[in-house]
Amino acid sequence: MDTASSGTEDLEPRSAELDISALRTALQERKRAVTMLRAEASRELELREALQAQLVEANKEIVASWNRRKEISAVNGNLRTKLSEATAELKQLRSELKKLKSELQTRHEELAAMQRYVVEASISGKAKKLSRRAKGFVRKLFK
């Protein structure tokens with residue numbers, strides 16, 4: 001029984017050595033795989049951080065753009081209000097100008113009438129009138 005037991009003992013260490021060697025190889029492969037996964041995870045983490053930084057910048061640009069649009073909208077609103085006020089003022093001024101032109105025309109007509117009256121009321125105006133009447137009378141007489 002000694003020989004039989006020594007033969008089985010001899011096989012067990014060899015099989016254990018093969019198992020240990022296979023385990024070491026498998027462990028090395030696992031370590032390589034873990035190292036590769038860690039490297040890939042690190043690259044992905046860097047990419048994620050870069051994308052997050054780009055996203056932050058893009059959000060800042062969007063906010064700035066919104067703020068510019070709000071400012072432009074406010075300026076446009078102010079300009080529209082001013083334009084509306086200016087248009088109303090222009091209409092009022094045009095109306096006043098029309099009234100002033102009409103009043104000026106009336107004053108001009110009154111001035112012309114006064115000038116005619118002054119000319120007719122003056123001595124030379126009366127003399128001219130008499131002269132015209134006399135010429136008309138003389139013409140009638142000699143016809």
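Begin by selecting serine 95, which at 35% relative accessibility counts as partly exposed, and which is found in helix α1. What is on screen is a predicted model, and residues are numbered from 1 along each chain as its sequence is written. With serine 95 still selected, add arginine 80, which is 15 residues away along the chain, and draw a line between the two C-alpha atoms, which are separated by 22 Å.

Next, move to threonine 25, which is also a residue of helix α1 and which, with a relative accessibility of 43%, counts as partly exposed. How far apart are the C-alpha atoms of threonine 25 and histidine 108? If you select both residues and draw the line, the separation is 121 Å, for two positions that are 83 residues apart along the chain.

**Salt bridges in helix α1**

A search of the whole structure finds four salt bridges, and the next stops visit several of the residues concerned. Select arginine 32 together with glutamate 29, and show their side chains: the two form a salt bridge in which the closest N and O atoms are 2.4 Å apart. Because they are three residues apart in helix α1, which covers residues 2–121, arginine 32 and glutamate 29 are separated by about one helical turn. An α-helix has 3.6 residues a turn, so residues three or four places apart point the same way. Is this pair buried or exposed, if you look first at arginine 32? Arginine 32 counts as partly exposed, since its relative accessibility is 46%, and glutamate 29 is likewise described as partly exposed, with a relative accessible area of 42%.

Now go on to lysine 60 and glutamate 57, which form a salt bridge whose closest N and O atoms are 3.8 Å apart. Lysine 60 and glutamate 57 are three residues apart in helix α1, and therefore are separated by about one helical turn. If you colour the residues by accessibility, glutamate 57 should come out as partly exposed, because its relative accessibility is 42%.

The following selection is arginine 107 with glutamate 110, a salt bridge with its closest N and O atoms 3.3 Å apart. Both residues lie in helix α1, where they are three residues apart, or about one turn of the helix. Arginine 107 is partly exposed, with a relative accessible area of 47%, and glutamate 110 is partly exposed as well, at 39%. Which residues are linked with Arg107 in a network of salt bridges? Add Glu103 to the selection, and you have the network in view, since Glu103, Arg107 and Glu110 are linked in this way.

**Helix α2 and its surface patches**

Leave helix α1 and select residues 123–141, which make up helix α2. This helix has 19 residues and reaches 26 Å from its first C-alpha to its last, which is close to the 27 Å expected at 1.5 Å a residue. Helix α2 is hardly covered, for the count of buried residues among its 19 residues is one.

With a surface displayed, select Lys126, Lys128, Lys129, Arg132 and Arg133, which gather in a patch of positive charge on the surface. Within this group, stop at arginine 132, which is found in helix α2 and which counts as exposed because its relative accessibility is 58%, over the 50% that this class requires.

For the last stop, select Phe137, Val138, Leu141 and Phe142, which form a nonpolar patch on the surface, with about 470 Å² of accessible area together. Where does leucine 141 lie? Leucine 141 belongs to helix α2, and it is exposed, with a relative accessible area of 54%.

Note on methods: This is a predicted model: local features need pLDDT of at least 70, side-chain atom pairs count only at pLDDT 80 or more; totals for chains, interfaces and linings use all residues. Side-chain values use heavy atoms; hydrogens and water are left out. Patches are made of residues with over 30% relative accessible area and no salt bridge: like charges are joined within 9 Å, nonpolar side chains (Val, Leu, Ile, Met, Phe, Trp, Tyr) within 5 Å. Accessible areas come from the Shrake-Rupley method with a 1.4 Å probe; for residues, only the protein chains shown count as cover. Lys and Arg count as positive and Asp and Glu as negative; His and the chain ends are not counted. The place of a charge is taken as NZ of Lys, CZ of Arg, CG of Asp or CD of Glu. Helices (H or I, at least four residues) and strands (E, at least two) are DSSP runs, numbered from the N terminus. Buried means under 20% relative accessible area, exposed over 50%, partly exposed in between (1.4 Å probe, protein chains only). The expected span of a helix is 1.5 Å times one less than its number of residues.
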